[in-house]
Amino acid sequence: MRKHLLRALAVAAGASMLLTACANTPSSTNAKTAGGGIVRAENGDVKIPALPKRVVSLSPTATEMLFSIDAGKQVVATDDQSTYPKSAPRTKLSGLSPSADAIAQYRPDLVVVDADRNGVVSALNKLHVPVLVEPAATNLDESYDQIADLGTATGHSKQGGQLASKLKQQLAAAVGNVKEKLGKRSYYHEVDNTYYSLTSKTFLGSIYSMFGLSNIADAAAVGNNDYPQLNSEYIVKANPDLIFLADGQCCGQSAITVAKRPGWDRMRAVSKQHVVELDADTASRWGPRVVEFAQTVAAALEKF
Amino acid sequence: MTELQPRYTQMRASWLLSAVTVLLGAIVVGVMSGSVWFAPHHVLLTLLDALPGVHLETGLAPIDQAIITQLRLPRVMLAALVGAALALGGASYQGVFRNPLVDPYLLGSAAGAGLGATLAISYAPASTVIGVPIVPLAAFVGALFGVALAYLLGSWASGGPGVSSTAINSGIATLMLAGVAVAAFLTALQAFVQQQNTEKLQQIYGWIVGQLGTATWTNVATVAPYLALSTVAVLLHGRLLDVLALGDDEAASLGIPVTRVRVAVLVAASLATGAAVAVSGLIGFIGLVVPHVVRRLTCTSYRVVLPLSLLAGAALLVLADVIARSALSGSELPVGLVTAFIGAPFFAVLLRLNRRSLV
């Protein structure tokens, strides 16, 4: 049995890397040059000697950010999960178990990752390739910061700044006066069909909070675990006004399957049809498409 | 391994009564407790009200009644069935292999189920086969495949089944080693598939540490027939396992078809284990520890150990699951971690207490 446990622990380590989404250290840019310079990322001050012309992005969010600030032309390869935009040069490279060898085949002069997995940062540094670690943001400011980092690094500081202010405007428009109109509503966000959820301390949680929504997972989270696994009794008892499903793609869940779950038909979100199916990509990234996510939430709230 | 030899053979009424009482007590505690607590009379009224033709004022809101009848009760029942299946499987395997350190996952059922579940989660997570969700189905098939592979490899390596009784002794050791080899092989395959699908890590992890959080009455109805079948088959062989414990030569000289008994018990126990694993993932230590507890408290005859392990295993997993779903208010602790957390220290103490008899 010890073998099973060891294996479980090994998997747990990997899974926690996925879930905890790294530290909260805010990053900021130091230099605003015509590309390159010093960028303060999660892994410290990264020196980028010249304007990068061969960027490899192993983070789907970073890919979306790069293309949104007109740096797409400099991107030569992205990881297998970078599904957006369509024009991104998607390859078989993996961001979740990256191989420095495989990345080096693309002769990059800048690599962007969302976590330092498999020792990829030091391996690439040995090859004199600068690496920016831009971890999962936990709020909008961190996301804007990363856009600024990528702008500085790729010589698109101006576009980075413009994108951030455009996002702020669009989000403000999406939120509108919903908060005042609706009063306090509660929600449950479902990450997968074993009831993993997320708290208000996560990036998506912070967006829901902008709408004045309260999260039923907040009271159930223990310690620093912002992705708790809730139990179904607790969810049914909490009886939230809204259910957001981010597990359509992974686990085949929908408003119909949720209504069929034993006991769930009694919940007001189900009986009043406030079960919202989210796009798994926009519901797991912290890039410019956060606006689409916010618009989905706004549309759901308009049905009240 | 002398402690495995039978000293008493009679089931005492007091033992059976105690085990049934403990199980019923565990079920009552299980239904009352969780992220929401219910008073016993509310639970009782709700259960009576759920019976066809009975309408009572339960004093609970409809949503609370649904929590008891639709969420909590099936979960408690599933925990009982899975615990029973694993403990019965463990006791059977220990009898067949005459080895106290054996658990029902020995012959590759855990590794096979893990591979099956990982493949299903990675490549076709949301699909169903004739209405049955693919993940438990793949886990069940994987578990049986693992055991079959280990048995075939073991038989092949030891010169085929049904050979003379002297060869069987080495055959048991070969079969155990075949189980280890198959488990290692299937685990490697599982790790490879997992590595290719790192974005599914969290779901695979969730399956491996064991979960009862999505229990439904359908799960209960799926496991129950397998467990019933296995229980009848295994219990019928209790006396024969007692004779086997004396040694293969002695058993053969008494006219016992040693190989046939072994295969029958292995098949039955593996079926129960596979069904349990399919609905709950890998829950450790129940199958290993429970038969030992029963032996220490009662006697070593399989006619006693098998039925009492079944009851005690059910009770233990129900209680472990109470901890799993109550310890962290509204969030879950994987039940497989709870059983290992309680089971490992307990087992260490047990080994210490058993030191003399093992020498």
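Start with chain A: color its 304 residues by burial, and you'll find that buried residues make up 54% of them. Keep in mind as you go that this is a predicted model. Switch to the cartoon view and chain A shows 13 helices and ten strands. Its fold also brings together parts of the chain that are far apart in sequence: among contacts with a separation of 6 or more, 59% are between residues 24 or more positions apart.

**Stop 1: a four-stranded sheet in chain A**

Select strands S3, S4, S5 and S6 of chain A. They form an open sheet in the order S4-S3-S5-S6, with parallel pairing. Look at the two ends: strand S4 (75–78) and S6 of chain A each have a single partner strand, so one side of each has no neighbour in the sheet. From one strand to its neighbour, the turn averages 20 degrees, ignoring direction.

Now zoom in on strand S3 (residues 55–57) of chain A, which runs parallel to S4(A) and is joined to it by three bridges. Pick Val55(A) and look across to S4(A), where Val75(A) is its bridge partner.

Next, add helix H2 (residues 60–68) of chain A to the selection. H2(A) lies across S3, S4 and strand S5 (110–113) of chain A, and its direction makes an angle of about 135 degrees with S3(A).

**Stop 2: Pro130(A)**

Stay in this part of chain A and click on Pro130(A), which sits in the loop between helix H4 (120–126) and strand S6 (131–133). Is Pro130(A) buried or exposed? Pro130(A) counts as buried because 22 other C-beta atoms lie within 10 Å.

Which residues does Pro130(A) contact, once neighbours within four places in sequence are left aside? Show Val46(A), Lys47(A), Ile48(A) and Leu110(A), and you have them. You can also draw a C-alpha to C-alpha distance from Pro130(A) to Val112(A): the two are 18 residues apart in sequence and 8.7 Å apart in space.

**Stop 3: another sheet in chain A**

Now select strands S7, S8, S9 and S10 of chain A. Here is an open sheet of four strands in the order S8-S7-S9-S10, again with parallel pairing. Strand S8 (213–215) and strand S10 (275–277) are the edge strands, each pairing on one side only. The twist from one strand to the next averages 30 degrees.

Follow strand S9 (residues 242–245) of chain A, which runs parallel to S10(A) and is joined to it by three bridges. One residue to click there is Ile243(A), whose bridge partner in S10(A) is Val275(A). S9(A) also pairs with S7(A), in the parallel sense and over four bridges. On that side, try Glu190(A), whose bridge partner in S9(A) is Leu245(A).

Turn on the side chains of S9(A). Which way do they point? Leu242(A) and Phe244(A) go one way, Ile243(A) and Leu245(A) go the other, and all are buried. That fits a general pattern: in a regular strand the side chains alternate between the two faces of the sheet.

Before leaving, show helix H8 (residues 203–210) of chain A, which lies across strand S7 (185–190) and S8 of chain A and runs at about 140 degrees to S8(A).

**Stop 4: the core around Val82(B)**

Move over to chain B, where the mean pLDDT is 85 and 93% of the residues reach 70 or more. The largest nonpolar core has 199 residues, and Val82(B), Ala85(B) and Val223(B) touch the most other members. Highlight H3(B) too, since that helix gives this core its largest share, 20 residues.

Center the view on Val82(B). Not counting residues up to four places away in sequence, Val82(B) touches Val223(B), Ala276(B), Val279(B), Ser280(B), Ile283(B) and Leu317(B).

**Stop 5: where the chains touch**

Finally, show both chains together. How many residues does each chain bring to the contact? Chain B brings 42 and chain A brings 38. On the chain B side, select helix H3 (62–97), helix H6 (165–196) and helix H7 (201–208), each of which supplies at least two of the residues touching chain A. Color that side by residue type, and you get 20 nonpolar, 17 polar and five charged residues. For the complex, the predictor gives an ipTM of 0.73 and a pTM of 0.79.

Methods
Residues numbered from 1 in each chain as written. Chains lettered and ligands numbered in written order. Predicted model: local features only at pLDDT ≥ 70, side-chain atom pairs only at ≥ 80, totals over all residues. Contact = placed C-beta atoms within 7 Å. Nonpolar A, V, L, I, M, F, W, Y, C, P; charged D, E, K, R; others polar. pLDDT = per-residue confidence, 0-100. Pairing = 2+ DSSP bridges. Axes fitted to C-alpha atoms, helices over the stretch in contact; angles between N-to-C directions. Core = buried A, V, L, I, M, F, W, Y, C linked by C-beta atoms within 7 Å. Buried ≥ 20, exposed ≤ 12 C-beta atoms within 10 Å, placed from the backbone.
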